[in-house]
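This briefing introduces a structure to a reader who has not met it before. Please consult the sequence and the model shown below while reading.

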Amino acid sequence: MKQIAPGVWPTMVTPYTEDNKIDYAHVEKLVEWYIERGVAGIFAVCQSSEMFFLSDGEKKELAEFIVRCVNGRVGVVASGHTADDLDSQVRQINMMAGTGADNIVLIPNRLAAENESDDVLLKNLDYVLAHADPSITFGCYECPYPYKRVLTPRVISYMADTGRFAFMKDTCCDAEKVFEKIRAGRGIVRLFNANCSQLLITLQGGASGFSGVMANYHPEAYSWLCANYESQPELARKLSDFLGIVSCVESRMYPVSAKKYLKMAFFPEMSDFSRAVDRSKYVPAFATELEQLRDLYRDYMPRLGLDFGVQL
């Protein structure tokens, strides 16, 4: 089974051209931007990538392109697991495994309806595992769309027992539940928290790192936190306090907000077009908040004595 490195795994956004095609020039620039900022890997073709709004052909092509750009320098996990029926899911999983991604990430809400029990989920998971390529290493992501199914320790323990799961992106936003899941994963299923305010707490409790949308704003800060929270606990706490508060910006029409931030601060030629969210509804006050976030971040990091060695 392919191992997953601890650290930061940003949920990569998909840049588009203004005529609604994937902008591969900016995909490549984003890959380099993440790697320069010390990430352990990239979560490609996920909810942040607008995977429910990509065709299967686009998912495959996008993942293949990212794997080529990365060229083994960091890890790549990918999902694209969006179909409703199990046989179509298996086809998607095998297709994505052929892209060269290290790990194929399953979405639990595809395996059981909102009103169905863990018994149904596990039965359907067994079907997928039995019919997917046996060489595939899997992950799991508590995707909020079309509904968020938070995994129970029972399910995570079952995944660990299969010996085929190595990655878990947690979105429950509850540190005590995260600790239960870490224990259930037994070090086999590595848990990466998506919640910023409780990231430090869960790192101290055994989480392997961060995989959240705010890694599209300042991944270098999360990389530093994951690498240094034990050796510099007081500075880590101050940085964590800052990151937890400013993460409130993620609720502002994401992923348009992240694309606007990247365009404003780093990639002026990149479009902020999104298939998932109507950018015309992005109000001017939200844009002002992004400017304030950029300026506050650039001002506050030197005050903490932090120099990440990259453009802020």
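In which sense do strand S4 and strand S5 pair, and over how many bridges? Strand S4 (residues 103-106) and strand S5 (residues 138-141) are joined over three bridges and run in the parallel sense. The model described here is predicted. Its strands S4 and S5 belong to an open sheet of eight strands with parallel pairing.

**The sheet**

- The order of the strands across the open sheet is S1-S8-S7-S6-S5-S4-S3-S2.
- Strand S1 (7-8) and strand S2 (41-44) form the edges; each has a single partner strand, so one side of each lacks a neighbour in the sheet.
- In the pairing of S4 with S5, Ile104 has Phe138 as its bridge partner.
- Phe138 also stands opposite Phe165 in S6, and S5 and S6 run parallel, joined by four bridges.
- Between S5 and S6 the chain passes through H5, and this β-α-β crossover is right-handed.
- Strand S6 is mostly covered, with six of its six residues buried.
- S6 is joined to S7 by four bridges as well, again with the two strands running parallel.
- In this pairing, Asp170 stands opposite Asn193 in S7.

**Helix H6 and its surroundings**

- A right-handed β-α-β unit is made by S6, H6 and S7.
- At the start of H6, the backbone nitrogen of Glu176 has a side-chain oxygen of Asp174 within 3.1 Å.
- Helix H6 spans residues 175-185, and its buried residues are Ala175, Val178, Phe179, Lys181, Ile182, Ala184 and Gly185.
- The cover over these buried residues includes two helices, H5 (153-162) and H7 (199-204), together with two strands, S6 (165-170) and S7 (190-193).
- After H6 comes Arg186, which has a positive phi, near 55°.

**The nonpolar core**

- The largest nonpolar core comprises 120 residues.
- The members that touch the most other members are Ile66, Phe138, Phe210, Leu225 and Leu239.
- Phe138 thus appears both among these core residues and as the bridge partner of Ile104.
- With residues up to four places away in sequence not counted, Ile66 touches Met12, Val27, Val31, Ile42, Ala44 and Val76.

**Two individual positions: Ser208 and Gln311**

- Ser208 is located in the loop between H7 and strand S8 (209-210).
- Is Ser208 buried or exposed? The relative accessible area of Ser208 is 15%, under the 20% limit for a buried residue, and Ser208 is therefore classed as buried.
- Not counting residues up to four places away in sequence, Ser208 touches Pro6, Gly7, Arg190, Leu191, Phe192 and Leu203.
- Gln311 lies in the segment after helix H11 (284-304).
- Gln311 has a relative accessible area of 49% and is partly exposed.
- Apart from its neighbours within four places in sequence, Gln311 is in contact with Arg37, Ala265, Phe266 and Arg298.
- Gln311 and Thr171 are 140 residues apart along the chain, and their C-alpha atoms are separated by 29 Å.

How values were computed:
Residues are numbered from 1 along each chain as its sequence is written. This is a predicted model: local features need pLDDT of at least 70, side-chain atom pairs count only at pLDDT 80 or more; totals for chains, interfaces and linings use all residues. Side-chain values use heavy atoms; hydrogens and water are left out. Buried means under 20% relative accessible area, exposed over 50%, partly exposed in between (1.4 Å probe, protein chains only). Contact means heavy atoms within 4.5 Å. A polar contact is a pair of N or O atoms within 3.5 Å; within protein, one must be able to donate a hydrogen and the other to accept it, and residues adjacent in sequence count only if both atoms are side-chain atoms. A nonpolar core is a set of buried Ala, Val, Leu, Ile, Met, Phe, Trp, Tyr and Cys residues joined through side-chain atoms within 4.5 Å. Two strands pair if DSSP finds at least two bridges between them. A crossover is right-handed if, with the strands pointing away from the viewer, the path from the first strand over the helix to the second runs clockwise.
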